[in-house]
Amino acid sequence: MATNLVIVESPSKAKTIGKYLGSDYTVKASMGHLRDLPKSTMGVDLEHDFTPKYLPVSGKEDLIKELKKAASQADTVYLATDPDREGEAISWHLKELLQLSDEKAQRVTFNEITQKVVRESIANPRSIDYDLVDAQQARRILDRIVGYQLSPLLWKKIRRGLSAGRVQSVATRLVVDRENEIRAFIPKEYWSLDVTLALIGKPGTFVARYFGSDKKKELENEAQVLAIIDDITGKIFTVTNVKRADKKRSAAPPFTTSTLQQEASRKLNMTPKRTMSIAQQLYEGVDVAGEGTTGLITYMRTDSLRLSDEAMDAAADFIKKRYGKEYYYGKHHVFKTKSGAQDAHEAIRPTRVELDPESIKGSLTKEQYKLYKLIWSRFLASQMANAVYDTVSIDTECAGHLFRSSHQSLKFAGFVAVYEEGRDDEAEATGSPLPDLQVGDTANAIKIEKEQHFTQPPARYTEATLVKAMEEKGVGRPSTYASIVSTIQDREYVVKSDKRLEPTPLGEVVNGLMMERFTDIIDVEFTANMESQLDDVEAGTRKWKEVLGEFYQGFKKELADAEEALKGTRLKVPEEETEEICELCGRKMVIKDGRFGKFLACPGWPECKSTKPLVEKMPGRCPNCDSTILKRKSKKGYPYYACEKGAECGFMTWDVPTEHDCPQCGHTMFKKAGKGRNKPFCINEKCENFLPEDKRGYYKKAENKDSADQDKKKTTKKTTKKKEAGK
């Protein structure tokens with residue numbers, strides 16, 4: 001019988017680790033937190049030093065009983081939850097809940113789940129890091145205080161059911177501030193002037209753009225453009241400068257949590273939440289043909305750019321063998337981690353670089369393959385030689401006006417052979433190829449083109465650029481970016497339209513109240529400073545209850561002042577106008593909330609009572625084609641769920657899509673419609689987790705034995721009714 005118990009969070013992680021440990025070890029999963037603050041009450045004693053009241057998580061009683069029994073039979077219990085604050089807190093809760101002594105409870109962490117690291121960690125356990133636990137407790141209680149004391153105010157003053165979060169409020173503010181910048185933006189006119197030039201005395205044409213005279217000059221209006229055209233019309237252009245150079249580009253560093261979420265959003269159209277879910281699967285382990293269950297990437301919650309020497313050596317060998325020595329950087333390419341970043345973990349990288357994406361593609365789901373390829377390629381490219389571009393810049397002069405042409409072409413691919421970083425803005429123009437020009441060459445203008453432009457307002461945030469902004473401003477931490485972006489959309493403070501985030505009328509009203517009454521909570525610098533204080537708690541240089549006390553003192557006063565100032569006031573949320581036209585009166589319809597959810601209504605009520613159902617986007621993806629799933633209603637008013645592509649795809653179900661993904665196949669999981677705690681299930685028939693329809697808990701009528709029995713029942717029923725009527 002096993003004498004050692006190892007507890008992790010998930011079954012897939014348990015399966016991977018169990019493969020590396022012998023028969024002396026039993027590996028079990030806690031399925032996340034087993035103890036937490038209660039949902040129905042604050043659960044924090046604000047008057048007595050912020051003492052939290054932790055309770056076992058409802059619904060996990062059997063699991064707790066099972067773990068207690070296993071722990072009592074083990075000599076040592078290894079708490080092997082994730083290597084971050086949250087994981088440390090889960091381990092501490094397990095220790096308390098299972099009543100383990102300090103000697104019996106041993107903490108182990110894995111930056112990567114490989115045989116070498118797992119065995120080394122088990123051989124070198126440590127005690128629970130209570131500074132990490134305190135930092136997590138402080139964050140949890142801070143968020144509980146704000147959520148449970150501020151939300152009731154929003155209910156009374158704006159709309160019932162609203163909630164407010166400490167960091168989510170700042171993220172909403174960033175989106176609202178950007179929207180206000182766009183509204184306040186005043187476009188500025190400018191012009192471009194291009195000339196197509198034909199060489200005199202030798203073949204070749206090229207395009208040059210107006211640059212200036214002695215120095216660069218912007219053309220602000222058409223009059224300036226026309227004056228230049230008058231000056232150069234019919235005149236000879238002369239090449240005055242030819243500049244050729246090699247331009248080097250270095251590879252981007254390996255991924256951190258933030259950059260992984262940004263790049264997956266740009267290149268794979270994955271939400272931050274989805275990215276982290278798939279990354280967790282790759283970290284915990286995937287069944288790879290010929291390898292068994294294998295952890296494919298290192299821990300994915302990190303802001304460090306550090307790589308181990310062992311990993312860089314492996315990359316160097318792989319690059320030289322596959323691409324040639326000239327493609328290797330020449331030495332370890334070390335990237336400097338930004339100041340203030342926590343350096344507990346490496347950057348995100350593959351655990352074994354020789355497991356290239358194509359060789360294991362058949363063992364991965366579509367999304368796992370795409371994300372793994374992104375991580376693998378970025379890591380490998382970070383250790384490859386610079387890309388070299390051949391650049392040429394030509395200055396051509398006419399009547400005192402300078403025109404410039406430029407072009408660049410790839411001379412040596414280097415890291416670009418493997419990976420090129422995505423961009424949020426437009427890519428740098430390479431220009432058209434240029435003829436072989438020399439200083440003194442002359443040309444005639446065969447075409448002159450002028451074009452009016454206007455400066456553009458700042459772009460709305462995408463999920464990627466919002467994560468980037470939060471990281472730059474110090475709002476949130478790697479483990480929280482995805483949940484923040486997801487939460488502000490779930491609460492309907494922000495919506496995504498054409499991949500861009502914009503505030504809803506509700507979000508703007510809530511933000512306005514926060515800006516007016518809760519200046520600290522909504523302040524970006526205050527929130528960033530709070531994150532720094534939590535880092536200090538983790539470092540052991542500050543006490544967590546001291547941080548809470550300082551915060552609560554100011555928050556309590558703001559809350560009391562807001563309650564007093566808003567007495568008798570209720571803030572109205574403007575109705576959200578849509579492009580849907582009322583068929584009766586021609587007005588633009590608005591979105592309203594009813595007993596059964598949102599619907600479209602004519603703003604002309606009560607004169608016009610036209611309404612329409614509102615098509616609602618659901619979480620998850622179509623199992624047939626990965627498109628969006630929409631909630632619709634049948635002719636009899638029953639909700640069903642169908643692919644946005646309709647008959648082109650053909651997917652339709654009465655089951656409700658969830659935000660959960662099957663840990664085995666990665667497909668969206670569904671649950672039975674109706675109230676109650678319905679457990680999600682997989683509908684992918686090719687998956688080992690597939691749950692057949694007859695086991696999904698649907699109500700079934702009793703089968704009829706035969707028609708004679710039915711007739712007999714009907715006859716008996718009629719006879720009974722007649723007897724009762726005759727009494």
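Start by selecting helix α6, residues 166-184, and pick out S169, which lies in this helix. Keep in mind that you're looking at a predicted model. Is S169 buried or exposed? S169 has a relative accessible area of 10%, so it counts as buried, the cut-off being under 20%. To see what surrounds it, show A164, N511, M514 and I522: S169 touches these four, leaving aside residues up to four places away in sequence.

**Next stop: the open sheet**

Now head towards the start of the chain. Select β2, β1, β7 and β8, and you'll have an open sheet of 4 strands, lined up in just that order, with parallel pairing. Which strands stand at the edges? Those are β2 (25-29) and β8 (105-107); each has a single partner strand, so one side of each is left without a neighbour in the sheet. Turn the view a little and look at how the strands cross: neighbours in this sheet are turned by 25° against each other on average, ignoring direction.

Zoom in on one pair here. Strand β1 (residues 4-8) runs parallel to strand β7 (residues 76-79), and the two pair over 4 bridges. For a pair of residues to click on, try V6, which stands opposite Y78 in β7.

**Then: the barrel**

Clear the selection and bring up β9, β10, β15, β14, β11 and β16. Taken in that order, these 6 strands make a closed barrel, and the pairing is antiparallel. Neighbouring strands in this sheet are turned by 35° against each other on average, again ignoring direction.

Follow one edge-to-edge match in the barrel: β9 (residues 189-199) pairs with β10 (residues 205-212) in the antiparallel sense, over 5 bridges. Click V195 and look across to β10, where its bridge partner is A208.

While the barrel strands are still showing, add helix α7, residues 222-232. What does helix α7 lie across? The helix lies across β9, β10, β11 (236-249), β14 (387-398), β15 (401-412) and β16 (442-454), and it runs at about 20° to β9.

**Last stop: a patch on the surface**

Finally, switch on the surface and select Y638, M652 and W654. Together they form a nonpolar patch there, with about 350 Å² of accessible area. Where does Y638 sit along the chain? Look in the loop between β24 (629-633) and β25 (639-643). Y638 has 52% relative accessibility, so it counts as exposed, a label that takes over 50%.

Technical notes
Residues numbered from 1 in each chain as written. Predicted model: local features only at pLDDT ≥ 70, side-chain atom pairs only at ≥ 80, totals over all residues. Heavy atoms only, no water. Patch = residues over 30% accessible without salt bridge, like charges linked within 9 Å, V, L, I, M, F, W, Y side chains within 5 Å. Areas by Shrake-Rupley, 256 points an atom, 1.4 Å probe, with all protein chains shown as cover. Salt bridge = Lys/Arg side-chain N within 4 Å of Asp/Glu carboxyl O. Buried < 20%, exposed > 50% of the residue type's maximum accessible area, 1.4 Å probe, protein only. Pairing = 2+ DSSP bridges. Axes fitted to C-alpha atoms, helices over the stretch in contact; angles between N-to-C directions. Contact = heavy atoms within 4.5 Å.
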